[in-house]
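User: Please go through this model with me, one question at a time. I would like the reasoning as well as the result.

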Amino acid sequence: MFWLLFLPLILIGAAVVASFVFVRLSSLRITSAGVEIRNFPQAVKVIPLEQVDRFVTTETAGIFAFLRPATATLLLTDGSRVAVRVLGERDGVYGVDALNRRVATLRPTT
């Protein structure tokens, strides 16, 4: 009976750990061909650079918003959005502003 008091805390803790593990196993790569997003456990999604508008930060809400890892959203030129669980590339680029600068440098000039 005593363990029933701690069950909600155990479930919240498990959700926090799972959230951080999923973010850690996700990846982002920006090349001249496009933006490659892998939101673990989903398959890799490649978006051509011509369809990419910009990255924006995801706003957090709710009581446990401080526990949520930092994430972003990729806005496409057609108005659709793609969730991005990781804010950095393996090359050391980190943050929404840095990702937007990387997209701007790789985008072909017309």
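The questions and answers below concern a predicted model.

User: What is the order of strands in the open sheet of three strands?

Analyst: The pairing in this sheet is antiparallel. Strands E4 (52-57) and E6 (81-84) are its edge strands, since each pairs on one side only. From one strand to the next the twist averages 25°. The order is E4-E5-E6.

User: Which residue of E5 is the bridge partner of Thr57?

Analyst: Strand E5 covers residues 72-76 and pairs with E4 in the antiparallel sense. Five bridges make up that pairing. In E5, the partner of Thr57 is Ala72.

User: Which helix packs on the sheet, and what angle does its direction make with that of E4?

Analyst: The helix touches E4 and E5. It spans residues 96-106 and is H2. Its direction and that of E4 make an angle of about 170°.

User: Which residues form the covered face of E1?

Analyst: In a regular strand, side chains alternate between the two faces of the sheet. Strand E1 runs over residues 27-30, and its uncovered face holds Ser27 and Arg29. The covered face is formed by Leu28 and Ile30.

User: How many bridges join E1 to E2?

Analyst: A hairpin through three residues connects E1 to E2. One bridge pair consists of Ile30 and, in E2, Val35. The two strands run antiparallel, and the number of bridges joining them is four.

User: Is Ala33 buried or exposed?

Analyst: Ala33 lies in the loop between E1 and E2. Beyond its neighbours within four places in sequence, Ala33 is in contact with Ile47, Pro48 and Leu49. Its relative accessible area is 57%, and the cut-off for an exposed residue is over 50%. Ala33 is therefore exposed.

User: How far apart in space are Ala33 and Leu7, C-alpha to C-alpha?

Analyst: In sequence, Ala33 and Leu7 are 26 residues apart. In space, their C-alpha to C-alpha separation is 48 Å.

User: Is Asn39 buried or exposed?

Analyst: Asn39 is placed in the loop between strand E2 (34-38) and strand E3 (45-48). Leaving aside residues within four places in sequence, its contacts are Ser26, Ala83, Val84 and Arg85. A residue counts as buried under 20% relative accessible area, and Asn39 has 7%. Asn39 is therefore buried.

User: From which backbone atom of Arg85 does a polar side-chain atom of Asn39 lie 3.1 Å?

Analyst: Arg85 is among the residues in contact with Asn39. At 3.1 Å, the pair falls within the 3.5 Å limit for a polar contact. The Arg85 atom is the backbone nitrogen.

User: Is the peptide bond from Phe40 to Pro41 cis or trans?

Analyst: Most peptide bonds are trans. Pro41 lies in the loop between E2 and E3. The bond from Phe40 to Pro41 has omega near 5°, and is cis.

User: Which element gives the largest share of the largest nonpolar core?

Analyst: This core has 20 residues, and those with the most contacts inside it include Leu28, Val35, Phe55 and Leu74. Two or more residues each come from E1, E2, E4, E5, E6 and H2. The largest share is four residues, given by H2.

User: Which residues does Val84 touch, not counting residues up to four places away in sequence?

Analyst: Val84 is one of the residues with the most contacts inside the largest nonpolar core. Among the residues Val84 touches is Asn39, which is buried. The full list is Leu28, Ile37, Asn39, Phe55, Thr71, Ala72 and Leu74.

Notes. Residues numbered from 1 in each chain as written. Predicted model: local features only at pLDDT ≥ 70, side-chain atom pairs only at ≥ 80, totals over all residues. Heavy atoms only, no water. Pairing = 2+ DSSP bridges. Axes fitted to C-alpha atoms, helices over the stretch in contact; angles between N-to-C directions. Contact = heavy atoms within 4.5 Å. Buried < 20%, exposed > 50% of the residue type's maximum accessible area, 1.4 Å probe, protein only. Polar contact = N/O pair within 3.5 Å; in protein donor to acceptor, adjacent residues only side chain to side chain. Core = buried A, V, L, I, M, F, W, Y, C linked by side-chain atoms within 4.5 Å.
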